[in-house]
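Colleague: I would like a close look at a single part of this model, with the rest brought in where it touches that part. Please take it slowly and keep it plain.

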Amino acid sequence: MITYRSLQEALNRPYKWKRARSTARNWKATFTTPEKDKYEFQAVRVKKRWEVAFSLENPPKDAPSMGVTGTAGAGATKVFATIIQIFEVFVKENKPDSIKFTADKTEGVRTTRAKLYARFATKFARAYGYDLKTQDNVIDIDFLFTKKKK
């Protein structure tokens with residue numbers, strides 16, 4: 001059984017991750033879980049906006065509905081905590097004026113995940129001084145962060 005405490009611990013202890021080779025237009029980081037799941041965070045600069053994506057690089061063949069954070073529970077929470085930490089480091093290093101990422105809403109499990117990403121996006125925007133706009137599409141939700149003018 002997953003307890004509140006185990007979830008809190010997972011959020012406070014992300015996996016170790018590594019910066020991959022990056023350029024002025026492409027920023028990457030990777031990490032691998034103890035179960036050998038490999039994840040990649042990638043930000044690509046398109047004109048003045050950074051487009052961010054994170055993905056499971058080696059999804060199990062028998063679990064096609066598994067998303068970036070895998071199944072529910074503390075393991076998924078630890079994956080998400082790692083993604084959040086990488087996202088924050090990326091923003092601190094690059095100070096982007098505009099960031100976009102998309103949450104997939106296809107399949108039942110991902111609807112909940114899109115809600116989790118929406119909560120993260122709201123908290124992140126507030127904490128880092130961004131305005132947040134969302135566009136709810138049929139199969140996904142776009143999150144667009146724009147740096148607030150001082």
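In what order do the seven strands of the open sheet stand, and what is the pairing?

Modeller: This is a predicted model, and what follows should be read as such. The strands of the open sheet stand in the order β1-β2-β3-β4-β5-β7-β6, with mixed pairing. At the edges are β1 and β6 (130-136); each has a single partner strand, so one side of each is left without a neighbour in the sheet.

To place the sheet in the chain: there are three helices and seven strands, and along the sequence they follow the pattern α-β-β-β-β-α-β-α-β-β. The chain has 150 residues, of which 35% count as buried. Among contacts between residues at least 6 apart in sequence, 53% join residues at least 24 apart. The exposed area of the chain is about 9600 Å², and carbon and sulfur atoms supply 53% of that area.

I will start at the β1 edge and work inward. β1 and β2 run antiparallel and are joined by two bridges. In this pairing Lys18 is opposite Thr30 of β2, while Arg19 is opposite Ala29 of β2. The connection between β1 and β2 is a hairpin of six residues.

Arg19 also has a partner outside the sheet. Its side chain forms a salt bridge with Glu93, where the closest N and O atoms are 2.5 Å apart. Glu93 belongs to helix α2 and Arg19 to strand β1 (residues 18-19), so the pair links parts of the chain that are 74 residues apart. Neither residue of this pair counts as buried, because the cut-off for that is under 20% relative accessible area: Glu93 is partly exposed at 44%, and Arg19 is partly exposed at 39%.

Next comes β2 itself, which has two unlike faces. Trp27, Ala29 and Phe31 make up its covered face, whereas Asn26, Lys28, Thr30 and Thr32 lie on the uncovered one. Put beside the β1 pairing, this places Ala29, the residue opposite Arg19, on the covered face, and Thr30, the residue opposite Lys18, on the uncovered face.

From the covered face, Phe31 leads to a residue of helix α2. Thr82 has its place in that helix and is buried, with a relative accessible area of 0%. Leaving out residues up to four places away in sequence, Thr82 touches Pro14, Tyr15, Trp17 and Phe31. A polar atom of the Thr82 side chain lies 2.8 Å from the backbone nitrogen of Tyr15.

On its other side, β2 pairs with β3. These two strands run antiparallel and are joined by seven bridges. One of the bridge partners is Ala43 in β3, which pairs with Trp27. Five residues separate β2 and β3 in their hairpin, and among them Lys36 takes a positive phi near 75°.

Trp27 and Ala29 also come up among the contacts of Phe41. Not counting residues up to four places away in sequence, Phe41 touches Trp27, Lys28, Ala29, Val52, Ala53, Phe54, Ile86, Phe87 and Phe90. Phe41 is a member of the largest nonpolar core, which has 33 residues; together with Val52, Phe87, Phe101, Phe124 and Phe145, Phe41 touches the most other members. The elements giving two or more residues to this core are β2 (26-32), β3 (38-46), β4 (49-56), α2 (74-94), β5 (98-104), α3 (108-128) and β7 (140-147). The most comes from α2, which gives eight residues.

There remains the other salt bridge, as the structure holds two. The side chains of Arg49 and Glu51 meet at 3.0 Å, N to O. Arg49 is partly exposed, with a relative accessible area of 28%, and Glu51 is partly exposed too, at 29%.

To return to the part you asked about: β1 stands at an edge of the sheet with a single partner strand, and two bridges join β1 to β2. Helix α2 comes in at Arg19 through the salt bridge with Glu93, and at Phe31 through the contact with Thr82.

Methods. Residues are numbered from 1 along each chain as its sequence is written. This is a predicted model: local features need pLDDT of at least 70, side-chain atom pairs count only at pLDDT 80 or more; totals for chains, interfaces and linings use all residues. Side-chain values use heavy atoms; hydrogens and water are left out. Helices (H or I, at least four residues) and strands (E, at least two) are DSSP runs, numbered from the N terminus. Buried means under 20% relative accessible area, exposed over 50%, partly exposed in between (1.4 Å probe, protein chains only). Contact means heavy atoms within 4.5 Å. Accessible areas come from the Shrake-Rupley method with a 1.4 Å probe; for residues, only the protein chains shown count as cover. A nonpolar core is a set of buried Ala, Val, Leu, Ile, Met, Phe, Trp, Tyr and Cys residues joined through side-chain atoms within 4.5 Å. A salt bridge is a side-chain nitrogen of Lys or Arg within 4 Å of a carboxyl oxygen of Asp or Glu. Two strands pair if DSSP finds at least two bridges between them. A polar contact is a pair of N or O atoms within 3.5 Å; within protein, one must be able to donate a hydrogen and the other to accept it, and residues adjacent in sequence count only if both atoms are side-chain atoms.
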